[in-house]
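Student: I've got a two-chain model open and want to know what backs up the usual labels. Can we go through it?
Tutor: Sure, let's take a look.

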Amino acid sequence: MENQEKQFRLNVTRRHFLTKAGLGFGSAALGSMLFKDQLFGADAQSSIPLGLAQYAPKAKRIIYLFQNGAPSQLETFDYKPLLNKMHGEELPASIRMGQRLTGMTANQEKFPLVGSSFGFSQHGKSGAWISELFPNIASIADDICIVKTMNTEAINHDPALTFFQTGAQQGNRPSMGAWMSYGLGSENSNLPSYTVLLSRGRGNGQGVYSKLWTNGFLDSVHQGVVFSSGDDPVLYLNNPEGHDKQSRRDMLDQLAKFNAEAFDNFGDPEINTRIKQYEMSYRMQSAVPELTDLSKESDNTIKMYGPDCLVPGTYAANCLLARKLSESGVRFVQLYHQGWDTHGNLVNDMRMQAEDVDRASAGLIKDLKQRGLLDETLVIWGGEFGRTNYCQGKIDGANYGRDHHPKCFSIWMAGGGIKPGTVYGETDEFGYNTIKDPVSVHDFHATVLHLMGINHEQLTYRHLGRRYRLTDVAGQVVNGIIA
Amino acid sequence: MMIPIQLKKASKKKILVVSAGLMLIGLTLYFITSGKEEEGGVPDVVDFNFHVRPILSDRCFKCHGPDANKRQANLRLDTEEGAYAALKEDPSKHIIVPGDPMQSALYARLITADTAEVMPPPSSNLSLTKNEIEIIKKWIAQGAKYKKHWSFIAPVRPKVPEADEDLNPRNPIDHFIFTTLDKVGLEPNAEASKEALLKRVSMDITGLPPTIEQQERFLADKSPNAYEKIVDELLASKHYGEKMAIQWMDLARYADSHGYQDDGLRTMWPWRDWVIHAFNSNYPYSKFLTWQLAGDLLPNPSKEQLLATGFNRNHKITQEGGVIDEEYRIEYVTDRTNTVGKAFMAITLECAKCHDHKYDPVSQKDYYSMFAFFDKVPEKGLVGTIDASFADPPSMKISTADVSSILAFINKKDTMDVSVMVMKDSVGIRETQLLRRGVYDQKADTVQMATPASILTYNPKKYEQNRLGLAKWMIDPQNPLTARVYVNRIWHELFGRGLVKTSGDFGMQGELPSHPELLDWLAVEFRESGWDIKKLIRLIVTSSTYRQSAQRTSDKFQKDPDNKYYSFFPRLRLSAELQRDLLLTASGILNPEIGGPSVKPYQPKGVWEATTSGRGELAKYIQDKGDKLYRRGLYNFIKRTAPPPALLIMDASTRDQCEVTRSRTNTPLQALVLMNDPQLLEAARVLAQRTSNLNLSEDQKLDRLFRLVLCRKANEKEMKMLKGYYLQEKNKFIQQKDKAEGFLKAGEFEQIKTKNIAETAALMQVNQMIFNLDETTVK
């Protein structure tokens, strides 16, 4: 009888929870973070999160190296020698075709084309053209797929970033990582399923904002958790002064006793959930510092990422940390690296930015590969839009700048089901328009979800009378980049 | 024995159904239909609004509903004419033949096994359950009668039903609630203990816990109206307005920064002070609404009326260089339109921005007709880049002279004038045009100001062609939504769920009311009382329904797992702000000052700094000092791009846009905040030091701490546990004096000397434990 009662309460908890959390599969999945043992441990329900997968997932986890501020495609992966030939000449109207411009260049009288000051050469079996700024990324050309024909609807940073991360330029929609957490849950019950790492380069920066890792209308358990380089790698993680592990343990034991009394009195299943949350927070207190301690990495590893990886808060350190988080089962690790907004002074800024990210980005791929993790980890590298093929303002000797350009830009992806050693899509000779295989942001999202085993049209959440998707009402899986 | 069967059924659904979307429908229906259908039955009399429309709306209207552009096969099921029409391909057949399902093409298409014929088509990922098909069949058999959507029919005061006098119904609310409980075989709980009731009603009305003095006074008061006296005392408190403001600030998306990118400072806080003042003055809701929507259009508007219109300027404003001005101006008008739709009407107007609404009778033209009310503001999309302005025009200046006379409720100490954004219409400034696909430069037909006719016709003789006319339309006794939406919101605040669970959506995709008659009774009562908000709250909190205890039994779980029938009072976690207010009050460090510029209390290092580009006034978080650290949670500075993490972790709104309901999650990060936030450690420390110096025995001290925080006396068992823990900690701190000293350093609040450090540290430890109890954070 007692057993029956217990089972009953357990079931009510589950059901109560499912209702409350919005009734999706994902809410079931988030249970893996919330109270794995109680609800989703050994019983049949543990298959629920997997039930969402429409296809065999090719990737289990994502690391997204977001290059915030928008690196120029013309100095990275989209080689356009014509621009060097036509350097200083006016952008033909037949190429611009009335494309809208930002407020920064809309009133410009002339649109002089500028060629890249950096040399390009071909790499890997695909013969991908890669700028001399990225020798390390060039060395992994056979592992990556360069998409040259990304395009977006936004032409300013805030809406473009928001669009990339949430599928809409405006509105408080859930971010990609929140959708993943909702849909697939966490693989590690001691860590959040969605983490965010922030760094800033030496170039012209554009800030980030918490709405980029928001849970939107999903439960806040799906919010990205920022891991910082400060004393508290996760906010509020550390015990206060005068408190050690033992005194925390003692307090939790007392709390559990009192809370158990409350449960007997009120019969409210939330109380038991709360007891579990305190236990998990205690486990996080050990698990997180172990994870964020980079001091025990081998020399070989440090060499791959570069010596900066030992300096907390740098892009390199975040790449290394991303590998460790991912390896530990964090579903979605989102990095942001500021500094790519090269309206002026592009030559110098690009050089510094490339120095900061080239080695560590490639190092991450090599490291995942040598650990046998690349196959199941999808790595994405890219910004929120591209840059114009014409100069912002006047060309000043060897110096120039480029404004925002939404119609084509380059990103690369690797691992987790991506066809390695490929270049996808073609842009025109001016690096301005797409002539073959355009990839929209919605297509990109649909593809990423597909690689994670999710049909983007079926991962939905009903909010205020409507079913929302990451891909809104659009999106086609880009089969050409899938292995 | 019923229960395992039901649960099994639910789990079976989960496994069978492939898509998340379908899963959602399964469960939603499972919970919204009344007892009988849950078991797979069909009601004797099928009602269009309660049984049929939810199915048609959710599964059919997307392609056969109000959206003319997406309508398939020119067939619509949302109107009687559409549904009774002859089939195009075979005029001898009809979609629905009232009274004859077998002759109705609709039914045939639901039951066919032919995947090319079946509706909804497999590609939609939607389908109907067998039971739902049976409901449709019976509805057709019974005559297939259509009705206007329930929330679009103006409420009429229903007759109050008889309730069992033994259950002690105190007012009509109880009559409605108890009658329904009786139908589902449940009884209400007995009244909660006086202590529990006092904490609950205090947290609900003022958001602050009762002092020990209040607790003792209430316990000692044996008069029959002791509780009502307390309620009146609380409603008269100046902290009532603060508590009420929190919910309104979420709806109004109030924040202290502009919200995009580098996110500069704005000074909207005098508007927030007005909201507190309006609630404390018990302005009728009709006036509260009218001033916010159209204070500037009233004859000879006062400065106060002008200030109230700041409601419509709380939206985000960009300061990103290079944006296209018109794109953002349109964005602001859109935000106002959507916010007014959600906050006052609970209609998701935004769905009709790009196309006709797929579920509700709101066309794209209706959307832009609403949009037109907010489109006459002389404003720009981009006034300037970061720190260009703390209040973009149109704005008003508030001077020290104003504050010492007509605007005395504003807590302005600085002698500098403060600018606040307000509304203004410029006649002839622009024509409002429909925007194709909602895109700012795709202008189409010109539209006039109007509201969706399906709700209540916008009669130009009754209502002016401006926001003042809109306000009059809102509070027209024939408006079916305004009163219902507000009473539901108050109910939601008090019971944790609305009588309409989807407080922000009274449209066809919203849930049906659990107690439609009670909702209508309350709405009419509220309107006829002169929209008296305090009276409404008093009515609810003095009902027996509200005064029930929170204990639940497995019988109640079985019959009503969600407690939608209110057979016990729900245990609800306090909001982020109120948890903080409770602990600071209990510790005696709360600064009860009302209003003024928002404050910056302790916050982990780097939260602002890690996200900023370095530009602007708000690039660095400069923590306040002294008294400002101990203000109530609602005064916490909200920088939208990096909101206060402790609040956000506790499910507070990011204030990015109008938020109708906060989620209530239960996460490990919340545990970390409650255990390690320096603000709470400091509160525990000060309380320990002060208690340590009282001339009381150890037992009395522990009893006092417990009582201050939990608002009740500890029972014997709890006292024993407390004492045991206290002694254990005291011994430990005697052994490790340095740890005690370190522990007691918490916070900037002045250190209070105590005789015995180990005792004080142990008391602090006990406080910390008490702060973290589940019961502490529950109202």
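Student: What makes the biggest hydrophobic patch a "nonpolar core"?
Tutor: The largest nonpolar core has 189 residues. The label means buried Ala, Val, Leu, Ile, Met, Phe, Trp, Tyr and Cys residues joined through C-beta atoms within 7 Å, where buried means 20 or more other C-beta atoms within 10 Å of the residue's own, with C-beta atoms placed from the backbone. A:Cys145, A:Val147, A:Val379, A:Trp412, A:Met413 and B:Val766 touch the most other members. Helix α14 (residues 346–370) of chain A gives the most, nine residues. Another core, of 132 residues, lies apart from it and includes B:Tyr285 and B:Phe409.

Student: How do you know what A:Trp412 touches?
Tutor: Contact means C-beta atoms, placed from the backbone, within 7 Å. Leaving out residues up to four places away in sequence, A:Trp412 touches A:Phe77, A:Ile144, A:Cys145, A:Ile146, A:Val147, A:Trp381 and A:Gly382.

Student: How many residues does each chain put into the contact between them?
Tutor: Chain A gives 80 residues and chain B gives 86. On chain A's side, α10(A) has the largest share, ten residues.

Student: How do you know how far to trust all this?
Tutor: It's a predicted model, where local features need pLDDT of at least 70 and side-chain atom pairs 80 or more, while totals for chains, interfaces and linings use all residues. Residues count from 1 along each chain as its sequence is written, and chains are lettered from A and ligands numbered from 1 in written order. pLDDT is the predictor's confidence in each residue, from 0 to 100. Chain A averages 87, but residues 1–51 of chain A are below 50. Chain B averages 91, with residues 1–39 of chain B below 50. The model's ipTM is 0.88 and its pTM 0.87.

Note on methods
Contact = placed C-beta atoms within 7 Å. Buried ≥ 20, exposed ≤ 12 C-beta atoms within 10 Å, placed from the backbone. Helix = DSSP H or I, 4+ residues; strand = E, 2+ residues; numbered from the N terminus.
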